[in-house]
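Me: Please examine one part of the following model closely: the charged side chains and the way they pair. I would like a single connected account that also sets this part in the context of the chain as a whole.

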Amino acid sequence: MGLTISYRGTLRKPDELELFLEDIADICMEIGWASMPIHRSNIMPVQGVQITPAGSESIWLTFLPNGRLYDPTHFIFTRHPDKEVVDEEKHKRIFTKTQYAGVDTHMAIIKFFRYLRMRYFEDFELRDDSQYWETNDISVCLKNFGVISESLILESIIISGKRSSPVIVSLTI
């Protein structure tokens, strides 16, 4: 499946969605991520934005009127969107594969979500296959991306002072 993040949450103030979306648009413009607004309609029950960092699958920040994040893809990728129904439990978690975006973009996405969680969300949960969200440790993220280098391993051993046995380095690329 590749390195993926999944997330769910509820806005602290759903009535301030427009302010949230303006902030997102400014951030995307500043860092060069493509974004496209998603408008609520009689077929599309959510409002928000689709963000596509280079190399990454889309990040969906789309919300039901109650402020809950909701995955809109089953309304977008169906032949009969008018027959789809909102199932808050089934579509509350959104998945985004970030592996092909590279480690720098992945970490930028995680930092972006940290900012959003702090500023806008009442509750927010993110699962990160690279474990960068959970640990905030760059070396753990690099290891899980398979790009950690011998020099980084040796540097961390020297800094930590935990070299009690010979160092055996195995690189996976």
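Reply: One cut-off is needed at the outset: a residue counts as buried under 20% relative accessible area, as exposed over 50%, and as partly exposed in between. The model is predicted, and the account below should be read accordingly.

The setting comes first. The chain has 173 residues, of which 40% are buried. Its secondary structure consists of 6 helices and 6 strands, arranged along the sequence as β-α-β-β-β-α-β-α-β-α-α-α. Among the contacts with a separation of 6 or more, 57% join residues that lie 24 or more positions apart.

Turning to the charged side chains, a general point applies: those of opposite charge can pair when their charged atoms come close. In this chain the number of salt bridges is 4. One of them joins Asp123 to Arg8, with an N to O distance of 3.7 Å. Because Asp123 belongs to strand 6 (residues 121–128) and Arg8 to strand 1 (residues 4–11), this pair ties together parts that are 115 residues apart in sequence. Asp123 has a relative accessible area of 29%, so it falls in the partly exposed class. Arg8 is also partly exposed, at 23%.

Arg8 has a further partner in Glu125, where the N to O distance is 3.3 Å. This second pair again links strand 1, through Arg8, with strand 6, through Glu125, across 117 residues. Glu125 is partly exposed, its relative accessible area being 25%.

Glu125 in turn meets Arg93 in a salt bridge of 2.2 Å, N to O. Here the link runs from strand 6 to the loop between helix 2 (73–76) and strand 5 (94–97), where Arg93 is found, and the two residues are 32 apart in sequence. Arg93 has a relative accessibility of 13% and therefore counts as buried. Through shared partners, the salt bridges gather Arg8, Arg93, Asp123, Glu125 and Arg127 into one network.

What surrounds this network can be approached through Tyr7. Beyond its neighbours within four places in sequence, Tyr7 is in contact with two members of the network, Arg93 and Glu125. The other contacts of Tyr7 in that list include Ile59, Trp60, Leu61, Leu69, Ile94, Phe113, Phe124 and Leu126.

Tyr7 also belongs to the largest nonpolar core, which holds 41 residues; Tyr7, Phe20, Leu61 and Phe113 have the most contacts inside it. At least two residues of this core come from each of strand 1, helix 1 (17–31), strand 3 (47–52), strand 4 (59–63), helix 3 (103–120), strand 6, helix 4 (132–135) and helix 5 (138–145). Helix 3 contributes the most, with 8 residues. Strand 1 and strand 6 thus appear in both parts of the account: they supply residues to the core, and they are linked by the pair Arg8 and Glu125.

Helix 5 allows a closer view of one contributor. Cys141, Leu142 and Phe145 are buried there. These residues lie on the same side of helix 5, because the arc they cover around the axis is only 95°. Just after this helix, Gly146 adopts a positive phi of about 75°.

As for the outer surface, the chain exposes about 10,200 Å², and carbon and sulfur atoms supply 53% of that area.

Note on methods: Residues numbered from 1 in each chain as written. Predicted model: local features only at pLDDT ≥ 70, side-chain atom pairs only at ≥ 80, totals over all residues. Heavy atoms only, no water. Salt bridge = Lys/Arg side-chain N within 4 Å of Asp/Glu carboxyl O. Helix = DSSP H or I, 4+ residues; strand = E, 2+ residues; numbered from the N terminus. Buried < 20%, exposed > 50% of the residue type's maximum accessible area, 1.4 Å probe, protein only. Core = buried A, V, L, I, M, F, W, Y, C linked by side-chain atoms within 4.5 Å. Contact = heavy atoms within 4.5 Å. Arc of directions from axis to C-beta. Areas by Shrake-Rupley, 256 points an atom, 1.4 Å probe, with all protein chains shown as cover.
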